[in-house]
Amino acid sequence: MNLDKDFKPGAGKSYFVLNYGCQMNESDAEHYAGQLEDLGYAKADDFHNADVIVVNTCCVRESAEKRILGKIGELKRVKENHPGQVICVAGCMAQKDGEKLIKKHPQIDLLIGTAHVNSFKEILADFIAAKGGRVYDDMAIPDSEFEGNRVRQSGFSAWIPIMYGCNNFCTYCIVPYVRGRERSRSIENIVEEVEQAVANGYKEFTLLGQNVNSYGKDFGEKGMFAKLLRRVNEVPGVERIRYMTSHPRDMGEDVIRAVAECEHVCENFHIPFQAGSSRILKLMNRGYTREQYLDLVAMIRRYVPDAAITTDIIVGFPCETEEDFEDTLSLVKEVGFDAAYTFIYSKRSGTPAAKMEGQVPLDVKKARLNRLMEVQNVNSLARNREMVGKTYEVLAEGPSANNPNVWSGRTRTNKLVLWPTEGREFKSGQKVNVKIETAQTWLVKGQAE
């Protein structure tokens with residue numbers, strides 16, 4: 001369906017997007033909102049009174065699925081009090097569970113799979129005009145280029161998806177099954193979105209992909225991500241560039257050099273290692289060894305000595321022995337990560353790891369997680385203490401949630417900084433030089449100069 005730009009089925013009506021999950025989901029939610037506003041809908045203050053509700057779902061962890069299913073169940077009663085309300089369930093759970101969701105929850109009107117984000121406007125318009133179906137969960141949508149509106153949640157920092165899907169098939173991960181194979185946007189399309197955002201006052205840009213280091217491989221070209229970083233770095237008005245997430249197997253010297261040489265690319269490397277044991281990494285199908293990961297860290301330290309390095313770690317993967325876990329602890333100590341996002345392994349149906357023998361008991365996983373966090377907390381505090389006495393450029397985000405007289409922001413290395421206003425006025429997106437006076441495990445505090 002080719003929509004007339006003047007076609008506004010939502011005129012005088014409202015929408016609400018309930019979003020769950022990762023940064024890619026946050027970006028998708030902004031796109032859903034933008035398309036709804038293209039159709040004439042206005043954002044409602046509360047989902048109970050919205051004419052269209054979009055539930056953008058996540059299925060990476062069982063706990064997330066349970067919360068989302070509870071919310072979908074709640075919407076049955078909401079819809080009973082709002083005749084004509086349209087409920088759309090989108091995202092990874094919609095892709096994974098398909099028509100089973102509608103059969104169990106008949107209050108769902110539309111099921112939008114992950115490959116249909118860019119065509120949501122047409123799907124909804126067809127449904128309203130009684131010309132469309134209810135389930136859109138096929139993955140055969142080749143067009144990855146972005147067009148249209150976004151309703152961004154920040155006034156200065158923008159998500160920019162550069163690719164969709166994942167080809168890695170780590171044995172614990174459901175993402176390749178629900179996001180599909182890798183599909184890259186063209187550099188021209190990405191740069192156009194960045195330029196439009198700059199024109200609207202945006203300064204910081206985070207390039208998103210399940211594995212950004214694979215960007216452009218589907219074009220048959222090598223080194224495309226490094227080229228993209230350098231191209232976005234040249235866009236007038238761009239002040240900071242971040243990206244996530246990297247895969248250690250695919251990150252190369254060209255990307256590290258781009259970070260070192262590009263003025264606006266931030267010196268923050270998030271490189272999930274997941275496990276410190278090469279045996280467990282092989283079971284995870286990660287495609288690298290402990291030694292190769294440490295070589296990558298050494299290369300980063302060589303090119304970007306002041307970089308912050310953060311990571312993801314899974315504890316209690318099937319067959320993980322005490323020796324394997326000690327390998328993880330020793331790697332954490334050796335690298336000295338600035339921060340680590342730590343998780344207990346949980347089964348995801350449909351993944352090979354869920355069927356593996358040697359599942360680790362929950363009490364053992366919890367104990368190992370606590371030990372890991374104790375080690376990492378020491379690292380984080382030590383790294384933050386190195387900042388004391390130095391002045392850093394901080395991009396102001398806004399007043400602290402606990403005290404309006406204290407502002408927060410982040411350094412180029414993504415460290416959270418707090419400082420008192422002391423009667424001065426600050427604006428979100430403003431660069432502030434802050435001299436660090438004290439360090440805590442998860443943040444630092446200082447005075448604005």
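Tutor: A salt bridge is a Lys or Arg side-chain nitrogen within 4 Å of a carboxyl oxygen of Asp or Glu. The model here is predicted: local features need pLDDT of at least 70, side-chain atom pairs count only at pLDDT 80 or more, and totals for chains, interfaces and linings use all residues. Residues are numbered from 1 along each chain as its sequence is written, and side-chain values use heavy atoms, leaving out hydrogens and water.

Student: How many salt bridges does the structure hold?
Tutor: Side chains of opposite charge can pair when their charged atoms come close. In this structure the number of salt bridges is 29.

Student: How far apart in sequence are the parts that Lys431 and Glu239 tie together?
Tutor: Lys431 and Glu239 form a salt bridge, with the closest N and O atoms 3.6 Å apart. Lys431 lies in strand β18 (residues 431-439), and Glu239 in the loop between α8 (224-233) and β11 (240-244). Helices (H or I, at least four residues) and strands (E, at least two) are DSSP runs, numbered from the N terminus. The pair therefore ties together parts whose separation in sequence is 192 residues.

Student: Is Lys431 buried, partly exposed or exposed?
Tutor: Buried means under 20% relative accessible area, exposed over 50%, and partly exposed in between (1.4 Å probe, protein chains only). Lys431 has 37% relative accessibility, so it counts as partly exposed.

Student: Which strand holds Glu393, a salt-bridge partner of Lys431?
Tutor: The Glu393 and Lys431 side chains meet in a salt bridge at 3.9 Å, N to O. The pair ties together parts 38 residues apart in sequence, because Lys431 lies in strand β18 and Glu393 in strand β15 (residues 391-399). Glu393 is partly exposed, at 29% relative accessible area. Its strand is β15.

Student: Which residues are joined into one network by salt bridges that share partners?
Tutor: This network is built from shared partners. Its residues are Glu30, Arg150, Arg152, Arg185 and Glu193.

Student: Is Asp97 buried or exposed?
Tutor: Asp97 meets the side chain of Lys96 in a salt bridge (3.1 Å, N to O). Lys96 is partly exposed, at 26%. Asp97 has 17% relative accessibility, so it counts as buried.

Student: Which residues have the most contacts inside the largest nonpolar core?
Tutor: A nonpolar core is a set of buried Ala, Val, Leu, Ile, Met, Phe, Trp, Tyr and Cys residues joined through side-chain atoms within 4.5 Å. The largest one has 67 residues. Those with the most contacts inside it are Phe225, Tyr243 and Phe269.

Student: How many residues make up the second, separate core?
Tutor: Tyr243 touches, beyond its neighbours within four places in sequence, residues including Phe225, Leu229, Met251 and Phe269 (contact means heavy atoms within 4.5 Å). The second core is separate and includes Cys92, Met93, Ile108 and Leu111. Its number of residues is 26.

Student: Where on helix α11 do its buried residues lie?
Tutor: Helix α11 (residues 290-303) has 14 residues and reaches 20 Å from first C-alpha to last, close to the 20 Å expected at 1.5 Å a residue (1.5 Å times one less than the number of residues). Its buried residues are Arg290, Tyr293, Leu294, Leu296, Val297 and Ile300. They fall within an arc of 155°, taken from the directions from the helix axis to the C-beta atoms, so they line one face of the helix.

Student: Which residues are exposed on the other side of α11?
Tutor: The cover over the buried residues includes α9 (253-261), β12 (268-270), α10 (278-284), β13 (308-315) and α12 (322-335). On the other side, the exposed residues are Asp295 and Arg302.

Student: What is the relative accessibility of His31?
Tutor: His31 sits in helix α1 (residues 23-38). Beyond its neighbours within four places in sequence, His31 is in contact with Val117, Asn118, Phe146, Glu147, Asn149 and Arg150. His31 counts as buried, with a relative accessibility of 1%.

Student: What radius of gyration does the chain have?
Tutor: The C-alpha trace spans about 60 × 60 × 45 Å along its principal axes. Of the 449 residues, 55% count as buried. The globule rule is 2.2 Å times the number of residues to the power 0.38, with the radius taken over C-alpha atoms. A compact globule with 449 residues would be near 22 Å, which agrees with the chain's 23 Å.
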